[in-house]
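The following exercises concern salt bridges, a surface patch and a pocket. Each task is followed by a solution worked in steps.

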Amino acid sequence: MPAPLYRTLTSLAVFGLLASSITATAADAVDPFDGDWHFTLTPYLWLPNLNGTLNGKAPGANLNLSDFNIKTEIGPNDYLQNLKFGAMATGEVRKGEWSAFTDIIYIDFGRQNSRARDITGPDGLPLTNISVKANTSLSATLWTLGGARTLIHNSNGNLDLLAGFRYAGIESELKFDTLSTRGLLDTSRDKPRALTEWDGIIGVKGQIRFGDGHWTMPYYLDVGTGSSNWTWQALVGLGYAFDWGEVNLSIRSLSYDFNDKRDADLRMTGPALGVTFRW
């Protein structure tokens with residue numbers, strides 16, 4: 001197991017033991033909609049696949065080729081061994097049917113090999129017989145802050161309407177070499193990117209309870225726009241409630257689709273394991 005991942009899992013476990021000893025008296029039977037102040041904190045570990053699209057220009061020697069598009073993908077097996085630092089947590093404060101929440105992710109990956117899934121030319125035409133070697137570095141800060149109003153809550157769960165903003169500060173670099181059998185697209189490129197995005201978001205969040213209420217299905221969906229063309233985030237999972245909080249496993253996806261003036265898109269999708277503490 002890579003040392004950074006081992007330290008992250010160890011820290012999550014130790015924090016869980018400490019927090020559970022502190023919050024053991026905070027019974028799950030407490031009604032979060034009773035009008036008192038209630039707080040939750042969820043440190044988590046998210047291991048997404050990172051899918052990126054790079055647009056650019058590379059004139060060929062024997063072809064009037066002006067535009068190309070490369071799609072790359074890296075997964076946990078690629079980046080965990082190069083993970084320098086990662087911190088992920090979400091929190092909420094609630095009073096009655098009103099709440100405020102925040103989520104922050106910071107990740108710093110070193111350079112690692114990435115898979116070039118396909119490459120296309122003008123008008124999206126596929127370019128065949130091309131060998132692509134690519135590697136990627138990425139560091140990112142993703143911060144979401146918002147408020148919510150509970151529209152529905154009963155023994156079966158709750159539904160909240162949310163609004164807020166998301167900040168994305170991303171520094172990435174994609175270095176790739178292409179080689180075609182006919183010399184039409186032989187090039188070497190190094191594409192550094194530094195993006196700062198602010199987007200307003202709206203959406204829904206909540207959870208569905210099953211049976212006696214120990215098993216739950218948390219869900220979240222937002223969509224937004226602003227300095228990027230559009231962005232969306234979705235999560236669905238399965239949780240088990242204890243007296244002190246909840247353990248949950250979910251699938252989470254976050255996507256940025258930049259406008260025509262940008263030359264890269266980004267999507268991160270993968271499993272997330274979290275521990276929620278309530279007091």
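**Exercise 1.** Determine whether K205 and D160 are buried or exposed, and describe the contact between their side chains.

*Solution.* The model is a predicted one.
Step 1. Burial requires a relative accessible area under 20%. K205 has a relative accessibility of 11%, and therefore counts as buried.
Step 2. D160 is buried as well, so both partners have this status.
Step 3. K205 and D160 form a salt bridge, their closest N and O atoms lying 3.4 Å apart. This pair links distant parts of the chain: K205 belongs to strand β8 and D160 to strand β7 (residues 157-180), with the two positions 45 residues apart.

**Exercise 2.** Identify what joins E92 to K205, and place the pair along the chain.

*Solution.*
Step 1. The side chains of E92 and K205 meet in a salt bridge with an N to O distance of 2.6 Å.
Step 2. E92 is in strand β4 (residues 83-95) and K205 in strand β8; the two are 113 residues apart, and the pair links distant parts of the chain.

**Exercise 3.** Analyse the contact between R166 and D222, and state which residues are joined into one network by shared partners.

*Solution.*
Step 1. A salt bridge connects R166 with D222, the closest N and O atoms being 2.8 Å apart.
Step 2. R166 lies in strand β7 and D222 in strand β9 (residues 215-226), 56 residues apart, so that distant parts of the chain are linked.
Step 3. The limit for burial is under 20%. R166, at 1% relative accessibility, therefore counts as buried; D222, with a relative accessible area of 1%, is buried too.
Step 4. Salt bridges with shared partners join E92, R94, D160 and K205 into one network. The count of salt bridges comes to eight.

**Exercise 4.** Which residues make the nonpolar surface patch, and how is I208 classified by accessibility?

*Solution.*
Step 1. I208, F210, W215 and L238 make a nonpolar surface patch of about 370 Å².
Step 2. I208 lies in strand β8 (residues 187-210).
Step 3. Because its relative accessible area is 33%, I208 is partly exposed; this class falls between the limits of 20% and 50%.

**Exercise 5.** Characterise the largest pocket by volume and by lining.

*Solution.*
Step 1. The volume of the largest pocket is about 1,400 Å³.
Step 2. Its lining comprises 49 residues, of which T40, E92, Q207, T276 and R278 lie nearest the centre.
Step 3. Sorted by class, the lining has 17 nonpolar, 19 polar and 13 charged residues.

Methods. Residues are numbered from 1 along each chain as its sequence is written. This is a predicted model: local features need pLDDT of at least 70, side-chain atom pairs count only at pLDDT 80 or more; totals for chains, interfaces and linings use all residues. Side-chain values use heavy atoms; hydrogens and water are left out. On a 1 Å grid over the protein atoms alone, a cavity is a set of points where a 1.4 Å probe fits but cannot get out, and a pocket is an open set with protein on both sides within 12 Å along at least five of seven lines; lining residues have an atom within 4 Å of a point. Grid points are joined across faces, edges and corners, and a volume is the space filled by probe spheres set on the points. Ala, Val, Leu, Ile, Met, Phe, Trp, Tyr, Cys and Pro count as nonpolar, Asp, Glu, Lys and Arg as charged, and the others, Gly among them, as polar. Patches are made of residues with over 30% relative accessible area and no salt bridge: like charges are joined within 9 Å, nonpolar side chains (Val, Leu, Ile, Met, Phe, Trp, Tyr) within 5 Å. Accessible areas come from the Shrake-Rupley method with a 1.4 Å probe; for residues, only the protein chains shown count as cover. A salt bridge is a side-chain nitrogen of Lys or Arg within 4 Å of a carboxyl oxygen of Asp or Glu. Helices (H or I, at least four residues) and strands (E, at least two) are DSSP runs, numbered from the N terminus. Buried means under 20% relative accessible area, exposed over 50%, partly exposed in between (1.4 Å probe, protein chains only).
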